[in-house]
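Open the model in your viewer and keep the sequence panel beside it. The tour goes from one selection to the next and says what is found at each stop.

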Amino acid sequence: MRRLANTARVWLPALAIMVAAIAAWEVYVRAFDVQKWLLPSPSIVARTLVNDSGMLWGHTWVTLGEVLVGFGVALAVGVALASAIVLSRTVERALYPFLIASQTVPIIVIAPLLIIWVGYGLTPKVIVVALISFFPIVVNTVDGMRSVDADMVNVMRTLGANRLQVFLKAQAPASLPYLFSGMKVAISVSVIGAVIGEWVGSSKGLGYLMIRSKPQFLTERVFAAIAILSAMGTMLFALMTVAEKWAMPWRRVKSDS
């Protein structure tokens, strides 16, 4: 009961702001008789979500699949790169400039080229998602691995631990909070990556549906897709928070006390 009350207290302000914003939006559209092709009211968007639910669900599953596969690739590559950077100064000097440079190139420019290079299927969307989301995982994990207590490392080395043992038993566990911070950022931007990938070349997915609906003035369908994408990003972030608590129960105990 106490946990339920705490949860309600945490989420109530955000819920109140969202309800107030939707109410103001509805009143504005009705008061000024705004055409639905220009700005549909929330009630029309909600009706579209119900009436077109079958079609929307089909496109939602496609986008969600792209997000999860791309995020999985980003996580595997990000953790491997972070480990290599921490274990080897040579790898750090060789790769870090390219990692930073990779974030300065607009993805919207790279995405059409991926269609040419790897074809018109799932692969270019997965690559776009991975390119967008791997960087926060790498940077946060490297910071976490280097945040380990120096005294602890010295004690381990005094007791005969080699470089790999120090990495596995001290640096890797110390990086977990940082890794989950990077994963929460990455899973949120993964949704954007999937939509960008679908915009430049796709025949299904919510990004494709938005591009197809816009010239037909089906603005309410575009807003319905945006609502689903927002819900998807929020849900994935929440799941990542739950996974973080499950993976690091000692942090939950500390915060409860």
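Select T141 first. This residue is buried, because its relative accessible area is 1% and the limit for buried is under 20%. T141 sits in helix 6, which covers residues 122–146. Now show what surrounds T141: leaving out residues up to four places away in sequence, T141 touches A82, S175 and L179. Keep in mind during the tour that this is a predicted model.

**The whole chain**

Zoom out and colour by secondary structure. How many helices and how many strands does the chain have? There are twelve helices and zero strands. Read from the N terminus, every element in the run is therefore marked α. The C-alpha atoms fill a box of roughly 75 × 55 × 30 Å, taken along the principal axes.

Switch on the surface. The chain exposes about 14900 Å², and carbon and sulfur atoms supply 71% of that area. Of the 257 residues, 37% count as buried. Among contacts with a separation of 6 or more, 73% are between residues 24 or more positions apart.

Next, colour by charge. The chain has 22 positive and 12 negative charges, and the mean positions of the two sets are 5 Å apart.

**A patch on helix 1**

Select L12, L15, M18, V19 and I22. These residues make a nonpolar surface patch of about 470 Å². Take L15 as an example: L15 is in helix 1, residues 2–31. Is L15 buried, exposed or partly exposed? With 46% relative accessibility, L15 counts as partly exposed.

**The loop after helix 1**

Move on to D33, in the loop between helix 1 and helix 2. The phi angle of D33 is near 50 degrees, which is a positive value in a residue other than glycine. D33 counts as exposed, at 58% relative accessibility.

Stay in this loop and select K36 together with E220. The two form a salt bridge, with 4.0 Å between the closest N and O atoms. The pair links distant parts of the chain, since E220 is in helix 11, K36 is in the loop between helix 1 and helix 2, and 184 residues separate them. Which side of the pair is buried and which is partly exposed? E220 counts as buried at 9% relative accessibility, while K36 counts as partly exposed at 44%.

**Another link to helix 11**

Select R221 and D52. Their side chains meet in a salt bridge, 3.4 Å from N to O. R221 lies in helix 11 and D52 in the loop between helix 2 and helix 3, so this salt bridge ties together parts that are 169 residues apart in sequence. R221 is buried, with a relative accessible area of 16%.

A search of the whole structure finds six salt bridges.

**Further along helix 11**

Go to E244, in helix 11, residues 219–247. E244 counts as buried, at 10% relative accessibility. What is E244 in contact with, leaving aside neighbours within four places in sequence? The contacts are P177, F180, K184 and R251. Now draw a distance from E244 to V185: the two are 13 Å apart in space, C-alpha to C-alpha, and 59 residues apart in sequence.

**The loop before helix 11**

Select F217, in the loop between helix 10 and helix 11. Phi of F217 is near 60 degrees, a positive value in a residue other than glycine. F217 counts as exposed, with 53% relative accessibility.

**Salt bridges at helix 4**

For the last stop, select R89 and E92. The closest N and O atoms of this salt bridge are 3.0 Å apart. Why are the two separated by about one helical turn? They are three residues apart in helix 4, residues 89–102. E92 is buried, with a relative accessible area of 15%, whereas R89 is exposed, with 51%. Add R146 to the selection: R89, E92 and R146 are linked in a network of salt bridges.

Technical notes. Residues numbered from 1 in each chain as written. Predicted model: local features only at pLDDT ≥ 70, side-chain atom pairs only at ≥ 80, totals over all residues. Heavy atoms only, no water. Patch = residues over 30% accessible without salt bridge, like charges linked within 9 Å, V, L, I, M, F, W, Y side chains within 5 Å. Areas by Shrake-Rupley, 256 points an atom, 1.4 Å probe, with all protein chains shown as cover. Helix = DSSP H or I, 4+ residues; strand = E, 2+ residues; numbered from the N terminus. Buried < 20%, exposed > 50% of the residue type's maximum accessible area, 1.4 Å probe, protein only. Contact = heavy atoms within 4.5 Å. Lys, Arg positive; Asp, Glu negative; His and termini not counted. Charge placed at Lys NZ, Arg CZ, Asp CG, Glu CD.
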